[in-house]
Amino acid sequence: MAKINLLPWRQAYREEKKREFLGIFFGVGLVAAFGAYLWVSSVQSAIENQNARNQMLAQEIAKLDAQVKEISEIKKVRDDLLARIKVITDLEGTRPVIVRYFDELARSIPDGVWVSSVDRKGNLVTIQGTAESYNRVASFMRNLESSDWYASPNLSSVQAAPEEGEDASTFKMTVETSAPVDPAAEAAKTAGGKK
């Protein structure tokens, strides 16, 4: 009977399978490493792309913030200019009224009354002066009361002034300013309020 040695054949088969396994293992490892590299590079690219977009958005937001700040500064300048225009128009509008107050005051002073000082704070006018008699002061107050430009005269003090005359006295009074109502302006306000 012939002797057959199967051991080297099995050994060679085992070595071949081992080489196949190592080849497949290294191939799978290379494919996995390449896939991981592709995945990491795509994620890195996406991150860089998003960072670039974020940076662009931050730049645009900074530009918009600068524009908003500029707009708010322009609005502030506009409001300041409107306030100045209102003050100027108010002054222009009230200029004749002040002249009218002084004219009406001069018309209200009766003979025998001398005004030494006139002081105005808001709508309140303080008048100081000297009169020949108390009746002249009362006449002055009646004249102011009947005026369209003054209202509510109030006598603060009356003191005898013998150096000015026998019945002379110094006085101090306050009176409120009140512009007369213009019928056309009042009608316009009423019509505007009904709309």
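This report walks through the fold of one protein chain, from its overall layout down to a few single residues.

## The big picture

First things first: this is a predicted model. The protein chain has three helices and four strands. Start at the N terminus and you'll meet them in the order α-β-β-α-β-β-α.

Of the 195 residues in the protein chain, 16% are buried. The chain exposes about 15,500 Å², and 59% of that comes from carbon and sulfur atoms. What about contacts along the chain? If you take those between residues at least 6 apart in sequence, 57% of them join residues at least 24 apart.

## The sheet

The four strands make an open sheet with antiparallel pairing, lined up as β1-β2-β4-β3. At the edges you'll find β1 (113-121) and β3 (150-160); each has a single partner strand, so one side of each has no neighbour in the sheet. On average, neighbouring strands here are turned by 20° against each other, ignoring direction.

Now for the pairings. Strand β2 (residues 124-131) and strand β4 (residues 169-177) run antiparallel to each other and share eight bridges. Two spots to look for are Leu124, which stands opposite Glu176 in β4, and Thr130, which sits opposite Thr170 in β4. On the other flank, β3 and β4 also pair in the antiparallel sense, over eight bridges. There, Val158 stands opposite Phe171 in β4.

Helix α2 (residues 134-146) lies across β1, β2, β3 and β4, and it runs at about 165° to β3.

## Two serines in the strands

Ser152 belongs to strand β3. Its phi is positive, about 55°, even though Ser152 is not a glycine. That's worth a second look, because most residues other than glycine have a negative phi. Is Ser152 buried or exposed? Neither, quite: its relative accessibility is 43%, so Ser152 counts as partly exposed.

Ser169 is in strand β4. With a relative accessible area of 6%, Ser169 is buried, because the cut-off for buried is under 20%. Leaving aside residues up to four places away in sequence, Ser169 touches Gly129, Thr130, Ala131, Val158, Gln159, Ala160 and Ala161.

## Aromatic rings

A search of the whole structure turns up five aromatic pairs. One of them is Tyr101 with Tyr150: the ring centres are 5.8 Å apart and the planes sit at 45°, so this pair is tilted. Tyr101 lies in helix α1 (residues 7-108) and Tyr150 in strand β3, so the pair ties together parts that are 49 residues apart in sequence. Tyr101 is buried at 9% relative accessible area, and Tyr150 is buried as well, at 4% relative accessibility.

Then there's Phe140 with Phe171. The centres of these two rings are 6.2 Å apart and their planes meet at 70°, so the pair is edge-to-face. Here too, distant parts of the chain are linked: Phe140 is in helix α2 and Phe171 in strand β4, 31 residues apart. Both Phe140 and Phe171 are buried. You've already met Phe171 in the sheet, where it stands opposite Val158.

Which residues form an aromatic cluster? Look for Phe21, Phe25 and Phe26, which make up one cluster together.

Definitions and conventions
Residues are numbered from 1 along each chain as its sequence is written. This is a predicted model: local features need pLDDT of at least 70, side-chain atom pairs count only at pLDDT 80 or more; totals for chains, interfaces and linings use all residues. Side-chain values use heavy atoms; hydrogens and water are left out. Buried means under 20% relative accessible area, exposed over 50%, partly exposed in between (1.4 Å probe, protein chains only). Contact means heavy atoms within 4.5 Å. Accessible areas come from the Shrake-Rupley method with a 1.4 Å probe; for residues, only the protein chains shown count as cover. Two strands pair if DSSP finds at least two bridges between them. Axes are lines fitted to C-alpha atoms, for helices over the stretch in contact, and angles run from 0 to 180 degrees between N-to-C directions. Rings of Phe, Tyr and Trp (its six-membered ring) pair if their centres lie within 6.5 Å; planes under 30 degrees apart count as stacked, over 60 as edge-to-face and the rest as tilted.
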